[in-house]
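Morning, everyone. I'd like to take a few minutes to walk through one model with you, so have a look at the screen.

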Amino acid sequence: MHIAVLATNTDTSAFAARHPRDTQKFRDLLLGVRPGWTVTAFDLPSGEFPEGLQGFDGFLIGGSPSSVDDDDPWIGRLMELIRQAYADGKPLAGACFGHQAIAKALGGTVGPNPGPFVLGTAETELVAPAPWMDGGARIRLAAAHGEQVLRLPAGAEVVGRSEGCPAAAYRIGSGVFATQYHPEMTPEFLAGLVEEFAPGLAAEVGAAAKVSLPLGTEGRRFAEWIARFFEMARG
């Protein structure tokens, strides 16, 4: 199995420089559950894009502080890639920005959170689990988002919902699987993220983020779901 990771993170802060780039985080995430796979990562904001789609069995699109509604050229190229991959029957997985980008590219709507910025550990209630998921009722993942999917594209089904985020996870048949959250973020990275950025947010948001950290996250569990999703899509 050969998966393309499409990294979209535009964070150039000193905090980001002290940690692995998303290209590495997502590679580690997938290889942690499927060590025999080949994972090729592309840093889209730097202009790195696959030369074609046919050499890959699936695409995983990561998170970013950028908005899918920004007019940066790389975002436009990503939207075209998503539409082409979907038309070609290539499975698409997305996390945070990737979740939103797939929805927008295929006809959905993305906009600001109805409530405040979300930071910390978020719990998703699994309301319609897909075949590649386990039988659990909930999953906890890292969260950091000020926007979300407000209207899903045609044919999409909500898989999971969270407080303030009705489309926390969705799928389109066996071809798209996406979450608003961050399976690639380890608990240690999330704790550092909260410490770094909570002081710049509303006091109640920062306080809630810190309180949520002991709940822990289940990134490896979600990684297994992504792997099974790609495997089922391939048949």
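I'll go through the empty spaces, then the aromatic rings, then one helix and a few single residues.

Before anything else, keep in mind that this is a predicted model.

Okay, pockets. The largest pocket comes out at about 550 Å³. It has 30 lining residues, and those closest to its centre are Asn9, Ser64, Pro65, Ala144 and Met185. If you want to find it by secondary structure, look for helix H1 (14-17), helix H2 (22-33), helix H4 (97-105), strand E7 and helix H5, each of which supplies at least two residues of that lining. Which element gives the most to it? That would be H5, with 3 residues. As for chemistry, the lining splits into 14 nonpolar, 10 polar and 6 charged residues.

The second largest pocket has a volume of about 460 Å³. Here 21 residues do the lining, and Val118, Leu119, Thr121, Ala122 and Glu163 are nearest the centre. Strand E6 and helix H6 (203-212) are the elements that give two or more residues to this one. By class we have 10 nonpolar, 8 polar and 3 charged residues in the lining.

While we're at H6, have a look at Gly206, which is found in that helix. Gly206 has a relative accessible area of 5%, so it counts as buried. Against Thr179 it is 27 residues away in sequence and 22 Å away in space, C-alpha to C-alpha.

Thr179 brings me to the closed space. How many cavities of 30 Å³ or more are there? The count is 1. The largest cavity holds about 40 Å³ of space. Thr179 is part of its lining, together with Thr124, Leu126, Met133, Ile139, Leu141, Val159, Ala168, Ala169, Tyr181, Phe222 and Trp225. Strand E6 (118-126), strand E7 (138-145), strand E10 (165-172) and helix H7 (219-234) each give two or more residues to that lining. And the chemistry here is 10 nonpolar, 2 polar and no charged residues. So E6 turns up in the lining of the second pocket and again in that of the cavity, while E7 turns up in the largest pocket and in the cavity.

Two of those cavity residues, Phe222 and Trp225, take us to the rings. Searching the whole structure gives 12 aromatic pairs. Take Phe56 and Phe59 as one of them: the ring centres are 5.6 Å apart and the planes sit at 55°, so that pair is tilted. Phe56 is buried, at 9% relative accessibility, and Phe59 is buried too, at 0%. Then there's a cluster, where ring pairs link Phe222 and Trp225 with Trp37, Trp132, Phe177, Phe229 and Phe230.

Rings also meet charges in this model. Arg77 lies over the face of Phe49, at 3.9 Å from the ring centre. Arg77 also has Gly47 to consider: the two are 30 residues apart along the chain, with their C-alpha atoms separated by 9.6 Å. Gly47 sits in the loop between strand E2 (38-43) and strand E3 (58-61), and it is partly exposed, with a relative accessible area of 44%.

The other charge is Lys25, whose charged end sits over the ring of Phe189, 4.3 Å from the centre. Phe189 belongs to H5, residues 187-197, where the buried residues are Phe189, Leu190, Leu193 and Val194. Why do I put these on the same side of the helix? Because they cover an arc of only 135° around the axis. The general reason is familiar: an α-helix has 3.6 residues a turn, so residues three or four places apart point the same way. Over on the other side of H5, Glu188 and Glu195 are exposed.

Last stop is a backbone oddity. Most residues other than glycine have a negative phi. Cys96 is not a glycine, and yet its phi is positive, at about 60°. Where does it lie? In the loop between strand E4 (92-95) and H4. Is Cys96 buried or exposed? Buried, with 3% relative accessibility.

That's my tour, thanks for listening.

Key: Residues are numbered from 1 along each chain as its sequence is written. This is a predicted model: local features need pLDDT of at least 70, side-chain atom pairs count only at pLDDT 80 or more; totals for chains, interfaces and linings use all residues. Side-chain values use heavy atoms; hydrogens and water are left out. Rings of Phe, Tyr and Trp (its six-membered ring) pair if their centres lie within 6.5 Å; planes under 30 degrees apart count as stacked, over 60 as edge-to-face and the rest as tilted. Buried means under 20% relative accessible area, exposed over 50%, partly exposed in between (1.4 Å probe, protein chains only). A charge sits over a ring if NZ of Lys or CZ of Arg is within 6 Å of the ring centre and within 35 degrees of the ring normal. On a 1 Å grid over the protein atoms alone, a cavity is a set of points where a 1.4 Å probe fits but cannot get out, and a pocket is an open set with protein on both sides within 12 Å along at least five of seven lines; lining residues have an atom within 4 Å of a point. Grid points are joined across faces, edges and corners, and a volume is the space filled by probe spheres set on the points. Helices (H or I, at least four residues) and strands (E, at least two) are DSSP runs, numbered from the N terminus. Ala, Val, Leu, Ile, Met, Phe, Trp, Tyr, Cys and Pro count as nonpolar, Asp, Glu, Lys and Arg as charged, and the others, Gly among them, as polar. The arc is that of the directions from the helix axis to the C-beta atoms.
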